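Here are a few short exercises to help you find your way around. Have a go at each one before reading its solution.

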Amino acid sequence: MDISSRASAYLRAYDEQLRARPMPGRTAERIGPLLRVVSNGHGQGFLTYRDLGGLEGVELDAFIARQRDFFTRVGREVEWKYHGYDLPADLPERLAVAGFEAGERETVLVGEAGELAGAHVPPAGVRLREVAGRDDLERIRELEEAVWDADHGWLPGVLERELAGPGDPCTVVIAEEGGRVVCAAWVRFHEGTDFVSLWGGSTLKEWRGRGIYRAMVSYRAKLAVTRGFRLVQVDASDASRPILARLGLEAITTTTPYVWVPPAL
């Protein structure tokens, strides 16, 4: 990926501050060069690292197999988050041979919170507000299920735990029109870093293209500025990446989830 000098600086900050950062409120242990997160809000495990310390070949194969086998023993699905600049270059192939299945690739984008804050407002008749109550979280579930045509029964509980902590603080925002939730998104404030990360942003089909997603980005960026955070980071789908790029966020790399699901699950 050919990236600008500013994007290069963002990548360095992302690499130094977010990768292999201990996840507050989650059970994790360091295994060689990586952090192995045994539990999170979904019950899914997570493997993250800044680099693999030169592991390659059969030594790397054995290391991957040990992580797979650990999560098989504890009966947990696990995600190995692969970044596009990770070494060795054949890591994706080795993960696949070990039984990890690649998910949808996303683009990591980073931008200045101050440049995004308040730059866009919702269309007339749409109100943005922060939520905390279970009723609103259930309404977000209904929105997500309408957008994705898939069960999101797990989501209210996950967001409720995120809001209550422990862990990085989280704020959930909805866009409403006439009492109907038309978009929902949340932001995590990664304490001890320059970063907040943006999540969600699902919008009902009939409300797309009206600037609601952009307004939600600006609203959350303003929250970041208010709390003293400088950078906004998003793992973006192909659908949201062009919108975020037009807002001024810079693409710095890609990520692909490689997931192992134990046979018993």
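**Exercise 1: What does α2 pack against?**

Find the partners of the buried residues of α2 in this predicted model.

*Solution.* Start with the strands: the buried residues of α2 pack against β1 (28-31), β2 (34-37), β3 (45-49), β4 (78-83) and β12 (250-260). Then add a helix, α3 (91-97), to the list.

Next, pick out who's doing the packing. In α2, the buried residues are L60, F63, I64, A65, Q67, R68, F70 and F71.

**Exercise 2: How far does α2 reach, and what comes after?**

Check the span of α2 against the expected one.

*Solution.* α2 takes in residues 57-74, which makes 18 residues. From first C-alpha to last it reaches 27 Å, close to the 26 Å expected at 1.5 Å a residue. Step just past α2 and you meet G75, with a positive phi of about 70°.

**Exercise 3: Which residues of α5 are buried, and where do they sit?**

Work out how the buried residues of α5 are arranged.

*Solution.* First, list them: D136, L137, I140, R141, L143, E144 and V147 are buried in α5. They share the same side of α5 because they cover an arc of only 165° around its axis. Now look at the face turned away from that buried side: it carries the exposed residues D135 and A146.

Finally, name the partners. The buried residues of α5 pack against α6 (155-164), along with the strands β7 (126-131), β8 (170-177), β9 (180-189) and β10 (195-203).

**Exercise 4: What follows α5?**

Identify the residue after α5 and its phi.

*Solution.* That's D149, whose phi is positive, near 50°.

Note on methods: Residues are numbered from 1 along each chain as its sequence is written. This is a predicted model: local features need pLDDT of at least 70, side-chain atom pairs count only at pLDDT 80 or more; totals for chains, interfaces and linings use all residues. Side-chain values use heavy atoms; hydrogens and water are left out. Buried means under 20% relative accessible area, exposed over 50%, partly exposed in between (1.4 Å probe, protein chains only). Helices (H or I, at least four residues) and strands (E, at least two) are DSSP runs, numbered from the N terminus. The arc is that of the directions from the helix axis to the C-beta atoms. Contact means heavy atoms within 4.5 Å. The expected span of a helix is 1.5 Å times one less than its number of residues.
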